[in-house]
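Here is a short report on one protein chain. It covers two backbone outliers, the overall fold and a pocket.

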Amino acid sequence: NKVENECDFETAYLYWGQDEDFVQEYCHAGKFDVLLAADVIYEDDQVLPLITTASRILKPDGEFILAFARRNVPMDKVLDAATAFNFQYEVLTDEHDTSRTFDGTEPIYRFTWKK
């Protein structure tokens, strides 16, 4: 896609809740349009750092995409935390079958700022 669309992008590791160095190094040109995270929540104490970091580095019109795998944390806890940080969310589903997610297993969420 990069070659076909002639666009530039950069990737980097980001540790939830330990984002000071990341912000200084990578946010000099502004915040991010898109944040992607997949299968990153294993314990309750990871929810708040994840949502806090996303709220600090996401542009006002940006999207935070989270592929959630059920582990030891209920998704309601994540959604409640995101809502408390002024995010709204939607579950991304197959447009032809709204009862299932893309592959019929765990949902993928899109978080955006409440307007």
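## Two residues with positive phi

Asn86 sits in the loop that joins helix H4 (75-84) to strand E3 (87-92). Its phi is positive, about 75 degrees, although Asn86 is not a glycine. Most residues other than glycine have a negative phi. Asn86 is partly exposed, because its relative accessible area is 39% and the partly exposed class runs between the 20% and 50% cut-offs. The model is a predicted one, and these angles should be read as such.

Asp39 is another case. Its phi is near 50 degrees, again a positive value in a residue other than glycine. Asp39 belongs to the loop between E1 and helix H3 (47-57). With a relative accessible area of 27%, Asp39 is partly exposed. Buried would require a value under 20%, and exposed one over 50%.

## Overall fold

The protein chain holds four helices and four strands. Along the sequence they follow the order α-α-β-α-β-α-β-β. Two helices thus open the pattern, and two strands close it.

Contacts reach far along the sequence. Take the contacts with a separation of 6 or more: 70% of them are between residues 24 or more positions apart.

## Burial and surface

The protein chain has 115 residues, and 30% of them are buried. Its accessible surface comes to about 8,000 Å². Carbon and sulfur atoms account for 48% of that surface.

## The largest pocket

How much space lies in the largest pocket? The figure is about 820 Å³. The lining of this pocket is made up of 22 residues. Those nearest its centre are Glu10, Thr11, Ala12, Phe32 and Val34.

Which elements give two or more residues to the lining? They are helix H2 (20-26) and strand E1 (32-38). E1 supplies the largest share, five residues. E1 also borders the loop that holds Asp39.

By class, the lining has 14 nonpolar residues. Charged residues number five, and polar ones three.

## In brief

The predicted model shows a chain of four helices and four strands. Asn86 lies in the loop between H4 and E3, and Asp39 in the loop between E1 and H3. Both have a positive phi. The largest pocket draws on H2 and E1 for its lining, and 14 of its lining residues are nonpolar.

How values were computed:
Residues numbered from 1 in each chain as written. Predicted model: local features only at pLDDT ≥ 70, side-chain atom pairs only at ≥ 80, totals over all residues. Heavy atoms only, no water. 1 Å grid on protein atoms, 1.4 Å probe; cavity = no way out; pocket = protein on both sides within 12 Å on 5 of 7 lines; lining within 4 Å. Points joined across faces, edges and corners; volume = space filled by probe spheres on them. Nonpolar A, V, L, I, M, F, W, Y, C, P; charged D, E, K, R; others polar. Buried < 20%, exposed > 50% of the residue type's maximum accessible area, 1.4 Å probe, protein only. Contact = heavy atoms within 4.5 Å. Areas by Shrake-Rupley, 256 points an atom, 1.4 Å probe, with all protein chains shown as cover.
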